[in-house]
Amino acid sequence: MGPLRSVVLAGGGTGGHIYPLLAFADCLRRHDPGVRITCLGTPKGLENELIPPQGYDLRQIPAYQLPRSVNMNLVKTPGRMWTAARAAGKVIEEVRADVVVGFGGYVSVPAYLAAWRRELPIVIHEVNVPPGVANRLGMRFTRHVAVGFPHQPAQAEALRDARVVGVPLRRGIAGLDRFAMRNAARAHFGLRPDLPVLFVAGGSQGARSINLAVAGAAKELARNGVQVLHVIGARNEPVPVPTDLPVPYVTLPYLSEMEAGYAAADLMLGRGGAMTCAEVAAIGLPTIYVPYPHSNQEQKRNALPVVEAGGGLLVDDAELTPDWVERTVIPLISDPHRLHAMGSAAAAYGRRDGDEALLNFVLEAVAP
């Protein structure tokens, strides 16, 4: 693998930062089982639930929410930011890091500051447009910026010179053969092998509007022979689903192995988070995207390119009703030729090698 002996990975808060970090850590370990991998996190972040079970060293440092605007006064003024940077710097020095690779989230800022003060190479990986505030700040300190999607450099001035590497995906997803795994996945969930499956998942927290729309269409879906595998979301109230349906409608609060759901599915309906877009495109799963409406429209920007490439459909959250599901989903999922064309278009847009491409980029950044 070259000169990497010790790598510090920074990213936390949400799955969109942590899952690519973990996939990249796995890639590092695959290439060199002896490389030292140290992850930085905050005491309250989701990283505490996700990183240690994967066998990686997680060091906690204080991190603080940042204002939405980025300028150098942001760095100079808050003493607590320098406190966090000192804590990150101690970890960097202890593990003798060769590089800091940041994936966003507030914990990344102290890592970027500490690496910059030590003249250590910094590599930033960004999946959103516009870039998150932590990574925007980090871009002041490095020219080594990688992005997950080809539309990002064109849509954000700050990313104009970024390298498109794709999104690091877990091997279980990047290497998934949906068709080879289909029958086993359906059997696992108690689904029939001979009828189409709609896979519904609103991201790690679920999405109540999606839950209500699909559950409201349950009778009509079932009457047309459409099975449903529905991940409600661990923090959402259960939705009422009729119990006397002629075909399976399976609900789960949470699904940790998303590849099983992808393998069972003919069609997915979900949000437009960057990880979802990267995963379903890579594996060629036709998807109906319902972007989260209460934000800066980043999920719509994530989904639109794969939709324009022919790999899915886009519907506004406000338009998603049981009637819309009945009118749109049933004809689509009942048309194998159209599904095949959409899946092929999605796969042509997506990529499975984001972890390897990011590793090559990091190696370039640390090369003398």
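Two strands are said to pair if DSSP finds at least two bridges between them. That rule underlies much of this tour of a predicted model.

**The whole chain**

Begin with the entire protein chain in a cartoon view. The chain holds 17 helices and 13 strands. Turn it along its principal axes, and the C-alpha atoms fill a box of roughly 65 × 40 × 35 Å. The radius of gyration is 21 Å, which agrees with the value near 21 Å that a compact globule of 368 residues would have. If the residues are coloured by accessibility, 57% of the 368 count as buried.

**The seven-stranded sheet**

Next, select the open sheet of seven strands and follow its order, β3-β2-β1-β4-β5-β6-β7, in which the pairing is parallel. At the edges stand β3 (57-60) and β7 (163-164); each has a single partner strand, so one side of each is left without a neighbour in the sheet.

Now select β1, residues 6-10. How many of its five residues are buried? Five of the five are, and the strand is described as mostly covered. Rotate the strand to view its two faces: Ser6, Val8 and Ala10 lie on one side, Val7 and Leu9 lie on the other, and both faces are covered.

Keep β1 displayed and add β2, residues 36-41. The two strands run parallel and are joined by five bridges. To find one point of contact, pick Val8 in β1, which stands opposite Thr38 in β2. Then add helix α1, residues 15-31, to the selection: β1, α1 and β2 together make a right-handed β-α-β unit.

On the other flank of β1 in the sheet order comes β4. Select β4 at residues 99-102, where four bridges pair it with β1 in the parallel sense. Here Ala10 of β1 has Gly102 of β4 opposite.

Continue to β5, residues 122-126, which pairs with β4 in the parallel sense over three bridges. Which residue of β5 is the bridge partner of Val101? Select Val123 to see that partner.

**Around the loops beside β4 and β5**

Three backbone details can be visited here. Most residues other than glycine have a negative phi, and most peptide bonds are trans.

First, select Arg96, in the loop between α4 (79-94) and β4. The phi of Arg96 is near 50°, a positive value in a residue other than glycine. Arg96 counts as exposed, at 69% relative accessibility.

Then move to Glu119, in the loop between α5 (108-117) and β5. Glu119 also has a positive phi, near 55°. Is Glu119 buried or exposed? Its relative accessible area is 75%, so Glu119 is exposed.

The third stop is the peptide bond joining Val129 and Pro130, which is cis, with omega about -5°. Pro130 itself is found in the loop between β5 and α6 (133-138).

**Two contacts between distant parts of the chain**

From Pro130, go on to Leu137 in helix α6. Leu137 has a relative accessible area of 2% and is buried, since the limit for that class is under 20%. Display the C-alpha atoms of Leu137 and Val109: these residues are 28 apart along the chain, and their C-alpha atoms are separated by 7.3 Å.

For the second pair, select Gly216 in helix α10, residues 208-216. Gly216 is partly exposed, with a relative accessible area of 43%. The C-alpha atom of Gly216 is separated by 7.6 Å from that of Val241, which is 25 residues away along the chain.

**The second largest pocket**

End the tour at the second largest pocket, which has a volume of about 260 Å³. Which residues lie nearest its centre? Select Arg178, Phe179, Gly284, Leu339 and His340; they belong to a lining of 16 residues.

Now show the helices α9 (178-189) and α16 (336-349), each of which supplies at least two residues of this lining. Of the elements that contribute, α16 gives the most, with six residues. Finally, colour the lining by class: seven of its residues are nonpolar, four are polar and five are charged.

Key
Residues numbered from 1 in each chain as written. Predicted model: local features only at pLDDT ≥ 70, side-chain atom pairs only at ≥ 80, totals over all residues. Heavy atoms only, no water. 1 Å grid on protein atoms, 1.4 Å probe; cavity = no way out; pocket = protein on both sides within 12 Å on 5 of 7 lines; lining within 4 Å. Points joined across faces, edges and corners; volume = space filled by probe spheres on them. Nonpolar A, V, L, I, M, F, W, Y, C, P; charged D, E, K, R; others polar. Buried < 20%, exposed > 50% of the residue type's maximum accessible area, 1.4 Å probe, protein only. Right-handed = clockwise from strand over helix to strand, strands pointing away. Rg over C-alpha atoms; globule rule 2.2 N^0.38 Å.
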